[in-house]
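User: I should like to learn how to read backbone angles, strand pairing and surface patches in a protein model. Could you guide me through an example?

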Amino acid sequence: PTFIQYTPQLNPVVYSTFSEPLSMGYSLHALPMSKTHFRPNGPEPLNGLLDGALGHRNTHLLFGYRLRQKNNTSLDLYANHDAYWGKDALSQSAVGVQVTRHFRRAELYFNLAGENELYWQEPVLGMNVLLNAKANIGIKATNNSPFQYRIQTGYNAFIANQLAVEHHVKSHVDLWWTNQLHSAGVKAYVQNTFYSPLDAYTIITSPRHNMRIEPFYAYIGNNIHLHVGVNVDMNLGTGTLLSAIDGLSFAPSPNLHFDWHTDNNVFHVYADAQGNYGLGSWEEYMGYNRYLNVREGLASPEPRAYTPVDAQVGFKIRPIRTLLIDLYGGYAMMQNACNMKTVYQEDALDYQLWFSDYQRWKVGATMHYHYRDILELNVAGNYYFWQNDNTIYDRPNWDARARLDIHFNSQWSIYSDNYFAGSRIAKTTHGDKTIKPMISLNLGGQYIINRWLSAYLQLNDYLNRRDEIFYGYKSQGIHFLLGVKYRF
């Protein structure tokens, strides 16, 4: 049996002022921040994994273990922790369990998780605490029948500084028919959000309901892949009536994908168009910027951005067997996009939400090259053309990433993982400010001792740039982690 790592979302590298998967996704759209961790290489995981590392002021721990029983029931456990300690302390931890019961034609599963985050926000504001509890139960088909299904429901409770509890009840129902080439069906999603206790803040946005229905058709041939679907999003509830956006009673958007490639996979042509209209939540806003005024995020009546279309066309070419080049361009329209305003207070900085519309054109390219099992190079870059009636805030005109992995032999390997982004304009109560370009340079090395044990070293932001994600708070700067991975 092989160990499957369930939902450890935190990265081995923690910055002092932002959570990489959340913050970067909003302000820097196309390329996520370098994760600066090793790709899977060397011995295969067994049933368990223990990964621990220490730095000057950093700690990291990842644990996972899978138990299999004879009655077709499996139990997976995981825990992870990442922290930076100091005057800008940030600690993120999570524990979880998943139980799966395997039947002849279906799989029944249940998972439970708890997460917490502690961080220091200015001497006046002190330590903040975010808590999240999640539980899901579901069943999905596992046989080869033409009729397939997945049904899941779950509960999520989010708490920030014990001010209130944001409750989410989320349900999925996916039903589809398929044969060797064709598939057709419908996917449905419902999210219900409410708060307790109700007060002058929470009553503004409680309750709220979001529904998405996507009927779709898909075709998978030898050379052509096609998916045609329509997302129909509906939001109901206090503060989120759809009439707030251009008088719409519902918010449709496409879900289209086309891919054609030659028999030898030397040339690909592809196009896709997607969109969404979600339900703004306290959890999402605090995930966007943890230093947001907590009451501000709780009381915001605005729905999350409506994206009527986010489209892209491109082609991939493989001029030689070891080189793949991808060139693409795209267009997106977004209404009610989330932005941040820095508020100067007497002894601290605070942040407020505000919303704007924009259009975005982009062109970009990626390149992947490998030489045997010795060298692997990945380079990507995008240039953006933003349009709206005012200044574009919180978004750069370009970003790029480059990563090089070198494996000297079956035991020794090193990497260089680097991320770059252009300057951004920040809105503040003292006028517009410019955030300098981002340059994040990271190095690491790994030594595989045997099939169970390996050791690694990571050196991150070695230029000590301390780049800002939002105006006023800087990242940790230069730091290292020395760690050991043990598979059992």
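Analyst: The discussion below takes these features in turn. Please keep in mind that this is a predicted model.

User: What is the general idea behind the sign of phi?

Analyst: Most residues other than glycine have a negative phi. In this structure, Arg372 has a phi near 50 degrees, a positive value in a residue other than glycine. Asp461 likewise has a positive phi, near 50 degrees, and is not a glycine.

User: Where does Arg372 lie, and where is the place of Asp461?

Analyst: Arg372 is in the loop between strand S16 (349-371) and strand S17 (375-387). Asp461 is in the loop between strand S23 (453-460) and strand S24 (479-487).

User: Is Arg372 buried or exposed, and how should one judge Asp461?

Analyst: A residue is called buried under 20% relative accessible area and exposed over 50%. Arg372 counts as exposed because its relative accessibility is 62%. Asp461 has a relative accessible area of 3%, and therefore it is buried.

User: How does one read the surroundings of a whole strand, such as strand S15?

Analyst: One may look at how many of its residues are buried. Strand S15 covers residues 323-344, and 16 of its 22 residues are buried, so the strand is largely enclosed by the rest of the structure.

User: Which strands pair with S15, and in what sense do they run?

Analyst: S14 and S15 run antiparallel and are joined by eleven bridges. These two strands form a hairpin with two residues between them, and Ile320 has Leu323 of S15 as its bridge partner. S15 is also joined to S16 by 20 bridges, again in the antiparallel sense; here Cys338 stands opposite Phe355 in S16. With strand S20 (residues 424-428), S15 pairs in the parallel sense over two bridges. In that pairing, Lys341 has Lys427 of S20 as its bridge partner.

User: Which residues make the nonpolar surface patch?

Analyst: A nonpolar patch is a group of nonpolar side chains at the surface. In this model, a patch of about 550 Å² is made by Ile224, Phe258, Trp260, Val266, Val269, Phe315, Ile317 and Leu327. The elements that give two or more residues to this patch are strand S12 (251-261) and strand S14 (306-320).

User: How accessible is Trp260?

Analyst: Trp260 belongs to strand S12. Its relative accessible area is 33%, so Trp260 is partly exposed.

Definitions and conventions: Residues numbered from 1 in each chain as written. Predicted model: local features only at pLDDT ≥ 70, side-chain atom pairs only at ≥ 80, totals over all residues. Heavy atoms only, no water. Helix = DSSP H or I, 4+ residues; strand = E, 2+ residues; numbered from the N terminus. Buried < 20%, exposed > 50% of the residue type's maximum accessible area, 1.4 Å probe, protein only. Patch = residues over 30% accessible without salt bridge, like charges linked within 9 Å, V, L, I, M, F, W, Y side chains within 5 Å. Areas by Shrake-Rupley, 256 points an atom, 1.4 Å probe, with all protein chains shown as cover. Salt bridge = Lys/Arg side-chain N within 4 Å of Asp/Glu carboxyl O. Pairing = 2+ DSSP bridges.
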